[in-house]
Amino acid sequence: VQPQVAAAPIEKKIAAAPSLKVERSEALAMMLSSSLHSGHKSLRTTQYVQVPETFSIIRAPKDALKAIYATCDAAVGDRIKNLILDHSKVKFIDLAAEALLDRMALDVIKDFSRRRRRIAPRGTLPIDRKLNTFLRSIGIIESLDIKNLKLSPDEEKTVKVFKKESKHAQKLLRIDLSDYKESILIKLDKYLNECLNEHGWKLTGKARAEFARYTGEILGNAEDHSGTDDWTVVGYLDKTDDTHWCELAIFNFGKSFARTFNELPTDSLPIKAVTPYIDNHESRGFFGPKWKRDDLVMVAALQGMISSKNINEKDTRGRGTVDLITFFQR
């Protein structure tokens, strides 16, 4: 399938304002500065990305990231004119992987527009009906509003989709940003309840309050710790599947766990909390090419009551991840 691509909103704004200076997105710049980025400019005119058979952040993160970084690489190719995302071999896909690929592909397209260049995004969809419907519901087809491949009214009734982005993305649309995060939490709560209603269930009042608190903390952490407010919340449910799985994915760009700790003063409470773990591993020679200091800092940061924002022993930040996991298990 090789659809013609409609102009995204940012492309239209750039075209209408030749003097407007638009910088490369922070997310794309971050991906291109990563050690996982290839770092070389291709002489090819086409950037071809083979999406792996198992495209999942959880089941096969290395393969998923390889495809996502290959997509980002198109932004540094001097001669690139085409971006092909081939999903034809995909047999399993999760929402987080596809939502992230979708976002980076869109950022690459916008990056070409800001430089007054054009890139033609194309792709191949899997034959499997459920995967096909999934990609046409939440993938780049929906984001770029490609009319001839969008779901029909009857197909739309078989799925429930949720997709909201942060204020960072919405600023370009000139919308009212007051209480924006709170409005997203209300809509997400409604979405989850609608998915449960398909089976005659609903969240209790207590569960709704907990869900709003934990998801609100996730979005708050994304802004407080990462140095940017660039986050995305996505949900998907296929009502025709034998087993109804409601997937939720929340991701953001910015500083890593380790970087937020590494920027702290050496005498700060969080650094004092993780230093014994680091010293113990270092003294035993555990660190090497595959297991680095920053990896251990991240693991330590995920433990209960450890947060880069804690100032004294009475601070209670650092339990959000544990509480959220416990909530969903219940």
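This passage describes the surroundings of helix 2, strand 7 and Asp102 in a predicted model. Residues are numbered from 1 along each chain as its sequence is written, and side-chain values use heavy atoms, with hydrogens and water left out. Local features were required to have pLDDT of at least 70 and side-chain atom pairs were counted only at pLDDT 80 or more, whereas totals for chains, interfaces and linings use all residues.

Helices (DSSP runs of H or I, at least four residues) and strands (runs of E, at least two) are numbered from the N terminus. In helix 2, which spans residues 26–33, the buried residues (under 20% relative accessible area, 1.4 Å probe, protein chains only) are Ala27, Leu28, Met31 and Leu32. Seen down the helix axis, these residues fall within an arc of 130°, so they line one face of helix 2, the arc being that of the directions from the axis to the C-beta atoms. The buried residues of helix 2 pack against helix 3 (61–73) and helix 4 (95–114).

Helix 4 also contains Asp102, which is buried, with a relative accessible area of 2%. Leaving aside residues up to four places away in sequence, Asp102 touches Ile138, Gly139, Ile140, Ser143 and Lys163, contact being defined as heavy atoms within 4.5 Å.

Strand 7 (residues 231–238) is mostly covered, with 8 of its 8 residues buried; Trp231, Val233, Gly235 and Leu237 point one way from the strand, and Thr232, Val234, Tyr236 and Asp238 the other way. Pairing of strands requires at least two DSSP bridges between them. Strand 7 runs antiparallel to strand 6 (residues 159–165), to which 7 bridges join it, and Gly235 in strand 7 is the bridge partner of Phe162. Strand 7 also pairs in the antiparallel sense with strand 8 (residues 247–252) over 6 bridges, where Trp231 stands opposite Asn252.

Technical notes: Buried < 20%, exposed > 50% of the residue type's maximum accessible area, 1.4 Å probe, protein only.
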